[in-house]
Amino acid sequence: MRIDKIRLSGFTTYKQEAELDLAALGPGIIAVAGPNGSGKTTLLEAIPGAIYRQTPSRGSVASIATARDAKIELVGENGAPFTVRLDVDAHNGRQEAVAIDGAGEPLAGPKVKDYDRFVAEHFPSPEVYLASFFASQTGVGSVLKMSRSDRRALFGKLLGIERLENMAEEARFRARAVEADMAASRAALDAIRDGAEDVATLEAEYKEAKEREAAAAGAARQAGEKLKEATAARDRLVEEAKEYERASLTAREARAKANSAKADLAGLEAKVAAIAPILERGPEIRAAAARIQALEAELEKARALGEEKAAEHTVLQAEATRAARAYEQANFAHKEADRALRDAEARVGEAEVRIRSAKKATAGVPCAGLLDDEKRSGCPALVGHFKTEEAARKEIVELNDTLIPMASEAFKATSDKKLAAEKEVVAANAKLNAVGGELGEYRLKYRKAQEELSGLKAKDESAKLARAEAEMAGHRLVIDAARKTYETAQAEADRLWSALGAPPDLGAPSEARAALAAAQVAHEAALLDVQDEAGRVVRLDEQLKRARDAQAKAAALAAKLAPMETELAEWRWLGRGLGREGVQALELDAAGPRVSGLANELLADAYGSRFQIRFETQAAKADGKGVKETFDVVVVDTERGREGNGEDLSGGEKVIVGEALGLAVGLFHAQAAGVSLGTVIRDETVGALDPENGEKYLAMLRAFLRVGRVHQLLYVAHNPALVDMADAVVRVEDGRIEVR
Ligand SMILES: Nc1ncnc2c1ncn2[C@@H]1O[C@H](COP(=O)(O)OP(=O)(O)O)[C@@H](O)[C@H]1O
Ligand SMILES: [Mg+2]
């Protein structure tokens with residue numbers, strides 16, 4: 001795995017964004033320098049921190065975040081170009097991470113679960129990464145400092161032994177399954193053998209049962225025949241009884257029909273008898289009816305004559321009225337004339353009175369006697385009297401000459417007319433009275449005839465007679481037919497009754513029934529026998545089937561068990577072979593010398609042939625019985641002729657031997673996995689080296705770069721000599737990164 005660029009912000013000292021462009025530095029050894037606490041470790045641990053979200057020395061990457069938008073971006077190559085970006089919120093620890101390919105296409109994230117899955121599939125495991133690419137002063141991942149079992153586990157991982165262990169486990173699982181299957185099959189076989197019935201015995205029993213079933217079936221057939229016969233005998237008798245029943249019913253019905261016809265006839269005869277009296281009175285009723293007709297004609301005539309007389313009477317009445325009115329007028333005129341005559345005569349009298357009073361007045365005047373006529377006429381006192389006298393005289397003359405003669409004439413004329421009118425009235429009234437008398441007579445006669453007619457009509461029975469005659473005509477039509485019907489029905493009933501004969505014997509059917517019941521009982525018993533026998537046959541058949549089945553199953557199980565033994569042996573062999581003590585141990589045994597060989601090669605560049613490293617993969621058990629799997633490191637100091645676990649080496653020697661082993665593990669990983677190591681990190685692993693050992697260490701690093709074809713090795717060192725020996729220097733100060 002190669003890292004080309006690191007960019008980070010929001011972690012420990014990196015308040016602003018800082019970037020380290022490793023690609024620009026070229027291959028070789030790069031020293032990372034700077035004061036304590038300036039951020040060197042933070043920078044280097046950002047690499048596994050971004051990939052695994054865990055730092056080698058400070059736990060979760062979130063624990064060193066200091067800002068809400070802390071970020072790390074790595075650009076590099078791990079088989080293929082990649083970029084990973086991690087965002088951390090320092091307040092709540094929330095994280096998002098993405099992986100992107102060389103073309104900028106997203107590969108995983110932003111959910112950390114998805115991202116972690118991607119990392120687990122495409123990057124080395126964290127243990128392998130720490131052992132192969134990363135070492136620090138804390139000793140995390142250091143092979144020398146590890147416990148035996150951790151070391152063994154690490155080598156297992158480096159070799160991919162986990163896969164072998166999985167296969168071994170699978171083989172062991174298969175073996176257990178075959179074992180369980182065999183045990184179950186054996187148990188089943190034993191159970192079958194214990195419980196199985198003997199096929200031959202069952203076959204004999206079955207044959208016998210079959211024969212008994214056939215015999216029972218024969219008996220049942222015979223009982224069935226008998227039942228059929230008894231049924232037929234009973235049915236015959238029942239049929240005869242039914243036949244008699246039907247014939248007697250027909251005869252009874254015929255008799256009922258005859259009786260009903262007789263009743264119909266009697267009814268008709270009663271009706272005829274009921275209307276006979278009115279029919280006998282027929283001539284009498286008809287004569288009365290004829291009289292009604294004659295009376296009606298008379299009345300009609302009388303009514304016409306009456307109307308004529310009434311009309312005549314009306315005319316005469318009008319004439320009498322007219323005559324009376326004419327008389328009234330004549331009388332009135334006569335009275336007028338009488339009054340006019342008397343008026344005229346009265347006026348004459350009045351005029352004479354006036355003359356006398358005028359004469360008297362004249363005589364009263366003193367001068368009247370003295371004066372002649374002429375003078376007197378000129379006397380004003382007399383003139384008025386003279387004039388009055390003159391006028392009265394004139395009026396009298398006039399009345400006597402004209403008015404009175406005229407009035408007298410009129411009086412005479414009206415008197416004549418009155419007399420004539422009076423005569424006419426008398427004549428008209430006489431005529432009217434004569435006709436009125438005749439009319440009265442007519443009316444009297446008419447009323448009497450009417451009274452007679454209504455009396456006759458009230459008693460008239462001609463309608464009743466007509467109805468009776470019509471009814472009688474109807475009865476005459478049907479009565480003969482009814483009589484004939486009755487006679488025919490009576491004859492048929494007599495015939496049927498005489499043909500019916502004697503009733504059948506009532507005892508015979510009950511005997512037949514008893515016989516039938518007995519036959520039924522016998523038949524049912526025979527059928528039950530058949531059922532019993534058939535049931536036995538079925539049961540035996542099933543038993544036989546089960547027994548044959550068990551036989552077959554036992555044979556099949558026995559056949560199945562034979563190859564299982566071989567299969568079990570094979571799975572057991574595989575389980576052991578692939579297990580810890582088999583191929584795994586062989587692989588680990590082989591890995592030991594390879595790693596130690598690589599470490600020794602690196603050490604040779606530093607110390608020549610002085611130090612030799614060896615792995616012990618087996619050790620004698622404490623009780624002296626056999627050996628156990630182990631993974632101990634043995635350091636041999638050829639100069640001093642000592643060997644041990646490295647505890648007695650000097651500080652500098654321990655660092656270099658430990659580093660040789662760590663670097664060799666990296667090389668072994670690169671070889672085993674077929675990858676190049678790319679970017680390797682050493683954070684203050686060499687703090688305690690004196691200048692001499694420093695040089696040795698650097699010589700060993702250069703050998704490592706050469707042997708492992710490592711692109712860059714980054715190491716943190718405070719020792720200025722070591723810094724100067726590097727190919728490039730990166731300076732970190734208070735969260736800023738500079739390259740020199
Ligand atoms: N979890 C943390 N949160 C904040 N600051 C931290 C944390 N851990 C360490 N530091 C500080 O970050 C600074 C940088 O530490 P580090 O990267 O280890 O420095 P260096 O390796 O250069 O000595 C130090 O001052 C250290 O105290
Ligand atoms: Mg540090």
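## Close-up views of a predicted model

**View 1. Strands β6 and β7 are paired along their length by 8 bridges and run antiparallel to each other.** The structure shown in this view and in those that follow is a predicted model. β6 and β7 form a hairpin, with 3 residues between the two strands, and in the turn of this hairpin Gly79 has a positive phi of about 85°. One pair that can be picked out here is Lys71 with Asp87, the latter being the bridge partner in β7. Strand β6 covers residues 70-77, and 6 of its 8 residues are buried, so the strand is largely enclosed by the rest of the structure.

**View 2. The hairpin belongs to an open sheet of 6 strands, in which the pairing is antiparallel.** Read across the sheet, the strands come in the order β2-β1-β6-β7-β8-β9. The edges are formed by β2 (18-21) and β9 (106-108), each of which pairs on one side only. On average, neighbouring strands of this sheet are turned by 20° against each other, when direction is ignored.

**View 3. On either side of the hairpin, β1 pairs with β6 and β8 pairs with β7 in the strand order of the sheet.** Strand β1, which spans residues 2-9, is joined to β6 by 7 bridges and runs antiparallel to it; within this pairing, Arg2 has Glu77 of β6 as its bridge partner. Strand β7 (residues 81-88) is likewise joined by 7 bridges to strand β8 (residues 95-101), and these two strands run antiparallel. Here the bridge partner of Asp87 is Glu96, which lies in β8. Helix α2, made of residues 112-122, lies across β8 and β9 and runs at about 45° to β8.

**View 4. Ala67 is placed in the loop between β5 (59-60) and β6.** Is this residue buried, exposed or partly exposed? Ala67 has 15 C-beta neighbours inside 10 Å, and because a residue needs 20 or more to count as buried and 12 or fewer to count as exposed, Ala67 counts as partly exposed. If residues up to four places away in sequence are not counted, Ala67 touches Gly10 and Ala90. For a sense of distance, the C-alpha atoms of Ala67 and Thr201 are separated by 93 Å, while the two residues stand 134 residues apart along the chain.

**View 5. The largest nonpolar core holds 103 residues, and the members that touch the most others are Val32, Ala660 and Ala664.** Which helix gives the most residues to this core? Helix α13, covering residues 651-673, does so with 10 residues. When its neighbours within four places in sequence are left aside, Val32 is in contact with several residues, including Lys40, Leu44, Leu714, Tyr715 and Val716; Val730 and Val732 are also among its contacts. Another core, of 7 residues, lies apart from the largest one, and its members include Tyr327, Ala330, Val425 and Leu432.

**View 6. Helix α5 (residues 161-195) packs with helix α12 (residues 583-607) at an angle of about 165°, and their axes are 10 Å apart.** Because this angle is over 145 degrees, α5 counts as roughly antiparallel to α12. The crossing of the two helices is left-handed. On the side of α5 the contact is made by Ile161, Leu164 and Glu165, and on the side of α12 by Val583, Gln584 and Glu587.

Technical notes. Residues numbered from 1 in each chain as written. Chains lettered and ligands numbered in written order. Predicted model: local features only at pLDDT ≥ 70, side-chain atom pairs only at ≥ 80, totals over all residues. Pairing = 2+ DSSP bridges. Helix = DSSP H or I, 4+ residues; strand = E, 2+ residues; numbered from the N terminus. Axes fitted to C-alpha atoms, helices over the stretch in contact; angles between N-to-C directions. Contact = placed C-beta atoms within 7 Å. Core = buried A, V, L, I, M, F, W, Y, C linked by C-beta atoms within 7 Å. Parallel < 35°, antiparallel > 145°, perpendicular 65-115°, else oblique. Left-handed = near helix turned anticlockwise from the far one by under 90°.
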